[in-house]
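This report goes through one model, covering helices, salt bridges and a few single residues. The sequence and coordinates come first.

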Amino acid sequence: MDILIIGGTRYMGRIAVQKLLERGDRVTVFSRGNTRPEWWGQVDHILGDRQDRPDFNAKLRTKSFDAVIDTQAFRKEDVESAEETFRGRIGRYLMVSTGSVYLDGKLDFATHCPFKESDVSWSALDYTYPQGEDPYGVGKRHCEKWLQENSKIPYTVVRIPAVMGWDDPTGRMWWWVQRALDGRGVIIPLEDRAPFRTLYSADAAANFLRAVDAPAAANQTYHTAMQEVMTIERWAQLIWEAAGHTCTITHVPRDVIRKQQNLKPYAPPLSRPVPYIHDLSKAEREFGFKTTPVEEWIQTTVDWYRDQYRGRNAPGYEYREEEAALAAAWKTAFDNLVSEF
């Protein structure tokens with residue numbers, strides 16, 4: 001196949017390109033060229049900025065592809081531009097969306113567990129950005145709505161959760177791994193212990209390809225997430241085990257944590273007060289969705305950070321001593337309370 005990836009030089013996109021090359025596809029990458037992964041010499045590169053829409057159109061409107069994987073569509077105007085540029089000359093347009101489309105009250109996760117792709121319809125939405133709502137999630141909703149109502153080219157929308165794995169540019173995975181590598185415990189806010197699904201970055205990339213390959217996935221929207229349902233305690237235990245340590249978890253009320261000046265923003269990634277469990281049956285049925293066992297990819301990820309990562313500390317790690325002190329103080333106070341009863 002002849003495939004274009006818009007973005008594609010970091011994280012999931014980088015892995016997707018590698019997988020395409022390994023299976024023998026011809027790959028073109030449209031990017032600003034700031035990051036050049038190890039496969040750079042094996043792809044065709046078109047230099048450009050997605051947000052410069054006239055330039056985007058001029059550089060791509062004469063080219064044809066079997067599929068386009070778009071990791072950089074964040075606003076309605078981005079998918080409009082893609083439609084105008086590629087109409088009649090591509091077999092499939094895959095847009096990477098997000099579970100954040102459900103936030104800002106669009107879905108009650110407590111009563112939709114697991115939640116399906118069809119649980120929310122965007123048909124009644126307009127294209128405004130309501131005050132107080134996350135612009136990222138709102139923009140992705142606009143992209144989905146526009147494709148559903150206007151696209152003349154076959155499209156597939158793949159919604160991903162917060163994706164975890166090695167070389168995570170958000171720092172969310174490193175938040176956990178750096179704390180696990182030092183061997184000390186972790187504080188979990190008492191109210192934020194709901195079950196969840198996340199997704200390994202390599203599995204995200206592999207399933208973009210499965211969706212592109214599947215005829216049944218045309219003009220459809222899918223959830224992708226790991227197949228295991230995880231608790232935050234089990235998540236921490238697996239990471240600490242991969243780092244060679246035993247995890248000591250201290251559950252502390254959120255209000256108590258926030259009374260510590262340096263820990264006001266303390267929020268372990270993936271911890272949340274309500275369930276976040278995707279229904280994966282549609283993706284499993286229609287394009288053979290599958291994922292790597294969680295223990296396996298967590299070990300791969302911890303090993304990568306231990307052996308190769310040389311970047312900055314994880315968010316909030318400069319207050320690691322304060323975390324440990326609060327955990328010890330809370331345990332002592334709690335034990336005293338229990339003994340009094």
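Which residue follows helix 5, and what is its phi? Helix 5 is followed by G183, and the phi of G183 is positive, near 85°. The model is a predicted one, and the values below were computed from it.

**Helix 5 and its surroundings**

Helix 5 spans residues 172-181. Of its ten residues, eight are buried, so the helix is mostly covered under the cut-off of 20% relative accessible area. The buried set consists of M173, W174, W175, W176, V177, Q178, R179 and A180. Several elements contribute to the cover over these residues, including strand 7 (163-164), strand 8 (186-189), helix 7 (232-242), helix 10 and helix 11 (320-340).

The pairing with helix 10 can be described in more detail. Two packed helices are described by the angle between their axes and the distance between the axes. For helix 5 and helix 10 (residues 294-307), the axes come within 10 Å and cross at roughly 75°. Angles from 65 to 115 degrees count as roughly perpendicular, and helix 5 and helix 10 are therefore roughly perpendicular to each other. On the helix 5 side, M173, W174, V177 and L181 make the contact; on the helix 10 side, W297, T301, V302, Y305 and R306 do so. Sorted by class, the contact has seven nonpolar residues, one polar residue and one charged residue. Among the contact residues of helix 5, M173, W174 and V177 also belong to the buried set.

**Helix 3**

Helix 3 (residues 76-86) is largely enclosed by the rest of the structure, because eight of its eleven residues are buried. These are K76, D78, V79, S81, A82, E83, T85 and F86. Which elements do the buried residues of helix 3 pack against? They pack against strand 1 (2-6), helix 2 (53-60), strand 4 (67-70), strand 5 (93-98) and helix 4 (135-150). Helix 3 is followed by G88, which has a positive phi near 85°.

**Salt bridges**

Side chains of opposite charge can pair when their charged atoms come close. With a cut-off of 4 Å between nitrogen and carboxyl oxygen, the model has 27 salt bridges. Three of them are listed here.

| Salt bridge | N to O distance |
|---|---|
| R23 and D25 | 2.3 Å |
| R141 and E133 | 2.7 Å |
| R184 and D182 | 3.8 Å |

In the bridge between R23 and D25, R23 is partly exposed with a relative accessible area of 36%, whereas D25 is buried at 10%. R141, which is bridged to E133, is buried at 2% relative accessibility. In the bridge between R184 and D182, R184 is partly exposed at 29%, and D182 is partly exposed at 26%. Salt bridges with shared partners join R179, D182, R184, R320, E321 and E323 into one network. R179 of this network is also one of the buried residues of helix 5.

**Two buried residues**

W39 and A283 serve as single-residue examples.

W39 lies in the loop between strand 2 (26-31) and strand 3 (44-47). It is buried, with a relative accessibility of 0%. Which residues is W39 in contact with, leaving aside neighbours within four places in sequence? The contacts of W39 are G8, T9, R14, V17, Q18, L21 and V29. T9 is 30 residues from W39 along the chain, and the C-alpha atoms of W39 and T9 are separated by 9.5 Å.

A283 belongs to helix 9 (residues 281-287) and is buried, with a relative accessible area of 0%. Residues up to four places away in sequence not counted, A283 touches Y222, H223, G288 and F289. The C-alpha atoms of A283 and F74 are separated by 23 Å, and the two residues are 209 residues apart along the chain.

**Cysteines**

How many disulfides does the structure hold? The structure holds zero disulfides. As for cysteine exposure, C113 is partly exposed, with a relative accessible area of 42%, whereas C247 is buried, with a relative accessible area of 14%.

Definitions and conventions: Residues are numbered from 1 along each chain as its sequence is written. This is a predicted model: local features need pLDDT of at least 70, side-chain atom pairs count only at pLDDT 80 or more; totals for chains, interfaces and linings use all residues. Side-chain values use heavy atoms; hydrogens and water are left out. A disulfide is a pair of cysteine sulfur atoms within 2.5 Å. Buried means under 20% relative accessible area, exposed over 50%, partly exposed in between (1.4 Å probe, protein chains only). Axes are lines fitted to C-alpha atoms, for helices over the stretch in contact, and angles run from 0 to 180 degrees between N-to-C directions. Helices (H or I, at least four residues) and strands (E, at least two) are DSSP runs, numbered from the N terminus. Angles under 35 degrees count as roughly parallel, over 145 as roughly antiparallel, 65 to 115 as roughly perpendicular and the rest as oblique. Contact means heavy atoms within 4.5 Å. Ala, Val, Leu, Ile, Met, Phe, Trp, Tyr, Cys and Pro count as nonpolar, Asp, Glu, Lys and Arg as charged, and the others, Gly among them, as polar. A salt bridge is a side-chain nitrogen of Lys or Arg within 4 Å of a carboxyl oxygen of Asp or Glu.
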